[in-house]
Amino acid sequence: MVENIDNKNMELERDPNYWQGFFSIQKDPEFDKAKRNEEKKISDNDNSGLSRRKFLALVGASAALAGVGCADYRDKGEIMPYNKMPEEISLGNPTFYASTCNLCSNSCGILVRTREGRPIKIDGNPEHTVSKGKICARGQASILDLYDPDRLQNPLRKTKEGKFIKTTWDSANKEFFKVLESAQGQIAVITHQINSPTTKKLLDDFKKKYPTTKIYTYELFNDSIRNKAWKKCYGTDFYPIIKWNEAKVIVSLEADFLGNDGNKIENARLFAEGRDVENIKNFSRLYVAEANMSLTGINADYRLKVKPELQYEFVMSLLNELNRRDNLELPISVSNFSLKTFAKNNNIKEDLLKHLINDLITYKGKSIVFAGRSLPEETQIAVNLLNEVLGNNNLYNSSESFISNSELNSLDDFNKLVSEMNSGNIFAVIHFDSNPVYHLPENMGYKNALKKVGTVVTLTESANETSVKSNLVFAINHQLESWGDAKTRTGFYSLQQPVISPLFNTRQKEAVLLNWIKVENENYTEKMYHSYLMDNWKTNIYPSLNSKIEFTRFWYGALNDGVVTTNEKEKAKFSFDKKLLNSLSTSPKKSDGYTVIVKESYVLGDGRQANNGWLQELPNPMIQSVWDNYASISIETAKNLSVKNNDKISIDTGNGKKEYPIFIQPGATNNTITIDSGYGRTTIGKVGEGTGFSISGLMSNQPKFTPWIFTDAKVSKANGTYTIVTDQEAHLFEKTPSENIFAQRGILVEGTVNEYKKYPYFLKEEKGKGNHKSPEIYPEQKELYNGVKWGMAIDLNKCIGCSECIVACNAENNVPIVGKEQMEKDRRMQWLRIDKYYSGSYDEPIVSSQPMLCQQCDDAPCENVCPVAATTHTSDGLNQMVYNRCVGTRYCANNCPYKVRRFNYFDFRDHFKDGYQKEEVFDLVYNPEVSVRSRGVMEKCTFCIQRIMEEKASAIRENRGIIGSNVKTACQESCPTNAIKFGDINAKDSVFAKYRNHKLGYYALEGVNTKPNVTYIAKLRNTHTEES
Amino acid sequence: MKKSFLDYVLRVRLPITLFVLVAAFAVTYYVSRAERDGLGYTPNQPINYSHKLHAGQMNIDCQYCHIGVEKTRHAMVPAVSTCMNCHTIARADKPEIIKLKKYYDDGIAIPWKRIHRVPDFVYFNHSVHVSQGIDCISCHGDIRNMDKVGQMKSFTMSSCLDCHRDAHNNVPYVKNLKNGPENCWTCHR
């Protein structure tokens, strides 16, 4: 029970009590029983009856079989070569195109791998100045959106009965153009943030042609508060990038900069640069003060639980304390804020705050305090002041600024729009690839206001909540079928080019608008927007670049690179406006009652990709939940509300009651409730149907605190339960948390920076001490592996647990989506998982992440139990799995100590959502270099054998030896922090070998003596163990 | 003891029946082996293209058409445009060339019948074999003397392994050729 866990958590001891289960927190006897009967769960009857589709398939298959029996059995089909061979294609080799992702306001550069003309994988563009070859999970998964069978394939028109029927582009355009021409009032264009200068120009042109047009821009989550505060403090809209890599101390206040606040790919890279064990002197320390566990909180050295409305008091108390210690000449009075009182009220250990204050003073000018975008302006200003007085502003990158092409409209602007709509002043609304019915606060009444608008049109890729309220729906291209450009930062532009021609009868959204502008003079052509884009570059952007190359050549060069660097040189100077501080409140505010926080989902973002199975099945980094969102609360709060995991609670933030299932998050602040966005879509395809709960009912059109945080919410227990599936419980073997099994068996090995500084070999010595080691399975084999031997090293100091690698692996290795029901039965198929281990107390846990994949053991326990020799060893040290030999006994999975083998209980392509993954268009996403596995076959991580074979083939062709560093596995390529290294163990002077034989290196479960080829670099916590 | 009918069945009839069955199976198995492996499969192609004429008599290099064979996994059946490099002028009046030109003009791919095939869980790579100096003939037979191409060698896993295990005797014309790898992941993944 909770009582017998010791609460001392301040300093990490080397064998903390790791515990993994969340249900065990509550000592649920039902759960214990279920765990004991795991096999029973597996053998559940899965035959949910023969659906109509399956029946027809069966009939068809029988008929086909009968036909085949009579046909020419020697026939081997046909080979269809090209009629005219495209120049750039060489069959069997991938072609790469540089482009730009436009799924969020970061507009990262992407490199699209295509095979025989179809894109199969999205990676980051290494030439791109910001993303540097990395791309987030959502960007990677967007390849699945391209081949989504649920996409709109034609423009649609709503009939009088309210049904949508297929129509042609010509008739839909004609119909809407008539409306536009009538000009009976205002036109409203609703769009997400525009990052493209050319799209911006297009909208301006549209406004010129139809002068009554007004553009409304929104993002569900945005930096507007932080930017506004910045502008007030420094009088400039030069929003600098923070040099996370140079900071010695990072204090993050309710800011999830590694997860969803800002450009997470860039932040993660810079943060990890500052956490390099090779540069231990400059190892940064991360303090996180937050309400609920976030990805940043997981990586914290010290974590404080602070309610968001108390962050202001926290910052001011810090200022007061710093002022007392180190006269800062503060321009305002902070004497009413006392750090001691704050610590007492919020149950924060004083030692911890002492460390924080000491660090801030010691590392003046080398520390950064960062406030989350959801915090109110006042807190943001106070944080700016804190950084200012500590001289931390030299960690602002003064030569690079965020740039946005479109100002976001405030909620008030939208309130006005709604009232204009209601009064009938607006005759046409154009949803420019946006979904305001789902995104805007429910109480704004946008949905009903649409009824008063003469004509509503929506440009969208797939049906959504807004498109069903429209008269005309224009099916638009996916980003990989579109032209475009983007400008998000000082210093460069990025370009977007199509890599496949439209799969369906769709058009690019910009081209649709352009067609409406040019309707009298020009008919639509596919090249329409392309030439508009080129013209804009030629006349507006190219001249400013002072390029010496002639435009057409410049353009092709730019498309090839995907990025155009400019020589804009800005050197911003930041001068703090001290007058402003008079507006800050000088005494703390009280806070009681429940606080509700809505947060951008790590996996789904704002929900526009909710029909993406890879994302839905990507475990949330905190509790590893899949397919749903939930109300995340602390154990204490759950007790007060007398609810258990999966029970529903009802939340009222002032707009009526909404119900959500709860899940207990260790480390959550009491009386706060955190809910992720992006779920609960009502109009969506097969995959996203019925997943999770919408947050728009919690949001308000006139938020009192901030648009994402609601104080004084009414919360009570509701009836009913809803099952949240979490993977955290899978393969769980601990009975009580105190069993301490994870550290004892050497799954996780951790230490502190100080210990390492003192004696780098401290972990190696410790391991030597009487640790049990099993005898070797094959004692005689000493002379093996003379040539190349493949290995991987994972630096747990750099791994932030973001799960980007999982999506990369899914895409590379044709891993199927299995669905929520199968996930519940632990039948997930992902080859790579990120295990989360919690340690310390339930109230203030320490979290460790560990990517777990096939360890390719030299003495692999799976191999000697296979009755058909379907899994054996290669001469280069890989544990090979041969699908066409496997008969599915599952012995290997049972004998695997790492639980990394995955069994195809079904042909999931057929099983999931009635053959969703067997639709014709879905097939195009598969990597042709990897077999698509069927039912009854075991599978697992192969170290991307297809990429290894590619290197082997080129080595043979070029008549040279194999170079280990030429192979990059998919997970390694996608890792934003470069935590994963891969290479040849026997290449002694390579970079990889350094990690393989690292002082901090260890193997998971070393005692089992499987001799893994995956080395983990032990995680070091930068705590004050030695001094205190 | 009197021999019953059952004894007769068990002692005489059953063994004979079993023997006949096993023998029939064994004979059929070995006789049909070539057929099952696809040996001698020589389908009619949509255009009567002759390798004997092009590769044999005119001595055009295999790689003039099969351009991928040194670079990629696939040898590649040439695009129609490759044929038209010559046949826009050469023999443009012959009936087969008229057929060819029609394909080209209509922009349609020619549905060549596939002759050599490995299952789709096998990832065979032409380039690594050719770059070692192994001639096309070793697997595809004497194409230069075939008017109509057919399968001459077996494409089963055992025929791959035969060569990988004893490269020296199977490909005697390449000196110092090492045996090929035998790891499953060499071909299956």
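Let's start at the interface: 31 residues of chain A are in contact with 34 residues of chain B. Contact here is C-beta atoms, placed from the backbone, within 7 Å.

A word on the source. This is a predicted model, where local features need pLDDT of at least 70 and side-chain atom pairs pLDDT 80 or more, while totals for chains, interfaces and linings use all residues. Residues count from 1 along each chain as its sequence is written, with chains lettered from A and ligands numbered from 1 in written order.

Back to chain A. Strand 2 (78-79) and helix 29 (945-957) each supply at least two residues of the side touching chain B. Helix 29 of chain A gives the most, with 5 residues. Helices (H or I, at least four residues) and strands (E, at least two) are DSSP runs, numbered from the N terminus.

Now the strands. Strand 2 of chain A pairs with strand 1 (residues 112-113) of chain B, antiparallel, over 2 bridges. Pairing requires at least two DSSP bridges. A:Ile79 stands opposite B:Trp112.

Next, a helix pair inside chain A. The axes of helix 10 (residues 311-325) and helix 13 (residues 377-389) come within 9 Å and cross at roughly 20 degrees. Axes are lines fitted to C-alpha atoms, for helices over the stretch in contact; angles run from 0 to 180 degrees between N-to-C directions. Helix 10 and helix 13 of chain A are therefore roughly parallel, a label for angles under 35 degrees.

Who meets whom? From helix 10 of chain A, residues including A:Tyr312, A:Val315 and A:Leu319 meet helix 13 residues, among them A:Ala382, A:Val383 and A:Leu386.

Definitions and conventions:
Parallel < 35°, antiparallel > 145°, perpendicular 65-115°, else oblique. Contact = placed C-beta atoms within 7 Å.
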